[in-house]
Amino acid sequence: MNTFLHTTAGKRHLRLDPRTKFALILCTSFTLVWGMSLIGVMAVVRPALAFVPAILLLFTPRLRVGIVYGILEILCFTAEITVFQSTTGFWNLILLPVCAIITRYMPCVVAAYYMMATTTVSEFIAGMERMNVTQKIVIPLSVMFRFFPTIVREHRCINDAMRMRNITASNPVSMLEYRIVPLIAAVAKIGDELSAAALTRGFGGDVKRSNVCEIGFGVQDIIILLISFGGAFTSILAKVGLI
Amino acid sequence: MENKKITAKDLINIGIFAAIYFVVLFVVAMIGFFPPFMVALCFICPIATGIPFMLYMTKVHTFGQLTIFGVVMGLANMLIGDQWITLAFAVICGLLADLICLSGKYRSGSLAVLGYAVFSIWTFGKMLPLFIMRDSYFQAMGQGYGKEYAEAVLKLTSNWVFPIILVSGFIGGLIGAFIGRAVLKKHFERAGIA
Amino acid sequence: MIRIENLSFYYKRGRSDAGVNNINLKINMGEVVLLCGESGCGKTTLTRLINGLVPHYYDGDIDGTVFTHGKNVQKSTLYELSRIVGSVFQNPRSQFYTVDTYSELAFGCENQGLPVDEIKKRVDETIYFMEIEHLMGRSIFDLSGGEKQKLACASVWAASPKVLVLDEPSANLDEKAIEDLRAVLEKCKSAGITIIIAEHRLYYLKGLVNRVLFMENGQITKEFDAKSFFEMKDSQRISFGLRTLTPPTLSFSESANESHSAVLSNFKFKYKHSEIGISVKKVCIYKGAITAITGHNGAGKTTLLRCLCGLEKTAEGELWLEDEVHKRKKRLKNCFLVMQDVGHQLFCESVLDEVMISMPNADKEKALALLKALDLEKFASDHPLSLSGGQKQRVAIACAVASERQVILFDEPTSGLDLRHMEAVSKVIERLAQSGKTVLVTTHDKEFIKACCHYVLHMKNGEVTANRILKEVEKV
């Protein structure tokens, strides 16, 4: 009975443990933000970590995102190595920060996107519980996780209604008001109903919850974990000047 | 509601409001893609997130609800690429906000405003890597990137900017809290949501 | 057994739900009890008293005692009660905690801390018993309303409750889904579970319930055994404000077709990454008439409305109104969609402002007159979101009229409404048509179609398969 592995992302061919995904994100952000420029060993480590989410996305139905992101990274890394070393002036000032954000911050956002797209709420809970995180953190985090799609959908409905009614805001404050007030009202209502439903199903009792979601490390997890921690470790060594 | 313990309902509420807060924050932070605005994020974000947070404040009645909100916010931000320092700031700011609101038994409106302003300082944690690691960071930048960019950013991140950004977070929080309270009065209270 | 003694409950200020007073009630094991009555009669509150949401989730003043299977509800925690009582709610969108079907079935058992093997056994048994194999391995966001309600029942069942409480479970379901729901309820009944259902739609419960309680103003005022209830005369039923007790049927007339005044032509649209879409070649509709669009969930009814009012940018198709073509941009300006979740389309801080911003030229006098006509003048300065569902809907209709648009579309305007409110909605819609608007309504509600619609379009797999006349448009 492996059917519960399927999520909104449809059939998955490569399944990672949620803890692997956490580690990947944290190591990527550490390495890419702290990591030195593309000299020596970092010229391998940084691009390598940046490409992991692109490769992982190829194993999901969202492979198009993976391809577009991969191409973007290739362009920006190439630019960082070649163009910016030699250019100065205006274009340097404009393009450089954009490239920096794409090579240093975007990989984490894409890795987070990968996690969101491929992890069910119960896998997420199971992962956190295995790491002995307290329920006081697991519950809000998992609710938050579950609510993102709801917020996006409610936002779309409100947006549609604004278009249909031809409501245009005259200033930024009323813009914020028209969008955010109905959104919060709708989400708060859904949240209220959701927590009532969860509580009538015994959520939040004093008993230790069990979890049917089977998670565990496989070969693919070990590979990703090695890349993640290896990258982070190398970047530390590079930083203190050992490599 | 006088209960001293955090209930499952409270925890779910944290999740819901954290989700809204996070989405608003994320959307506003997009303007940080343009580097000149990056330093202003600490000021701008709390203004926008004031509306959901002040509504959340009306549901806070127990010590810990703001601290946990901070922990959750910090962890969520780490999951999209922030450093551990963000988590540390979010937890400390959440705890301080909790203590401030506790001193008014979670009933005082003005303390809620102050609490939110203090909580808003956590966004500074998102900026902090820029400061702590500044020298080596810019050294690296100078090598890898053009000198001009590094110098431009360096100018914006010299030492005197450091406290200004921190204070701007606080002031942004105050403005956000007042906007949030105005919206609360204008909409949520009258709509029976608060 | 459920025993309620001298119970009164009033919600804390700020909640609009109706309280109950002086309830005395005994429900035996294995009984199936139907709670009926108009909106606001307190039946939802009564269900909440049994599952413990009152007073543990919704605050208020409570007096009297409730025992559910020997447990004093006020003195037990929600967690303890959850082991005895399972609850299914009205809105299938907001009652799932996880996002995949298997975890959802296991959720209740997990919360009880049962061993994993035991949970798996129970979940597998539930899947078999409830015949929901086809729902497994799917995302909850992709299920239809009926499938969600089935899953909700099944996931409650997996935790093996003694009592099942349902609050308007059929409100968002089509006819086929209602049949399925009934089958699920029959299974629960045959397993000896005590069932309490609060409902407006009654006919599908015939032969299932043992006893019917009629509530008014927070009190149980009448009690029927099932037989005498379902044999009640129509006149009596209407005086109670209840929906039909027999499955409603429509009889179409063959009368001559007058010349049509509006044509939808070549509407084509496909959702991204999906096979689902619509393809409507040519459909004639009538100005000043009400056309109902029927069909199962997922047949493309709502999609057609969205395309019609121009919300889907990639949709092809044209609308001809009296020989004037309306392309997408023009439709967006000339059609008004009253959404199913009407709260999404109200933005202002008062009802009056809401109507005023809809007007091409804001005119306070006119707006007030319009509110008066829709029985809303006393809410003019209230916040739109503080109103009840029906009132919100009327505000949206007021905006539609104020915007002077010619085509007015409704998406399921009567889901979850009692008889009185359904009739009120159909009167308002009738008036719209009489004033010369072209009205299209998607609906599952045959009683409503009978009450006011002139034409019925039937949709299947994204195509319009029939366009029939129900009654002539009365000439005013």
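**Note on helix 7 of chain C and the contact with chain A**

1. Ala183(C) and Ser190(C) are exposed, on the other side of helix 7 of chain C from its buried residues. Exposed means 12 or fewer other C-beta atoms within 10 Å of the residue's own, buried means 20 or more, and C-beta atoms are placed from the backbone. This is a predicted model, in which local features need pLDDT of at least 70, side-chain atom pairs count only at pLDDT 80 or more, and totals for chains, interfaces and linings use all residues. Residues are numbered from 1 along each chain as its sequence is written, and chains are lettered from A in the order in which they are written.

2. The buried residues of helix 7 of chain C are Ala177(C), Ile178(C), Asp180(C), Leu181(C), Val184(C), Leu185(C) and Cys188(C). Down the helix axis they fall within an arc of 160° (taken from the directions from the axis to the C-beta atoms), so they line one face of the helix. An α-helix has 3.6 residues a turn, so residues three or four places apart point the same way.

3. Helix 7 of chain C has 16 residues (175-190), which at 1.5 Å a residue should span 22 Å; the end C-alpha atoms are 23 Å apart, which agrees. The expected span is 1.5 Å times one less than the number of residues. Helices are DSSP runs (H or I, at least four residues), numbered from the N terminus.

4. Just after helix 7 of chain C, Gly192(C) has a positive phi of about 85°.

5. The contact between the chains takes 53 residues from chain C and 45 residues from chain A; two residues are in contact if their C-beta atoms, placed from the backbone, lie within 7 Å. Helix 4 of chain C gives the most to chain C's side, with seven residues.

Methods:
Helix = DSSP H or I, 4+ residues; strand = E, 2+ residues; numbered from the N terminus.
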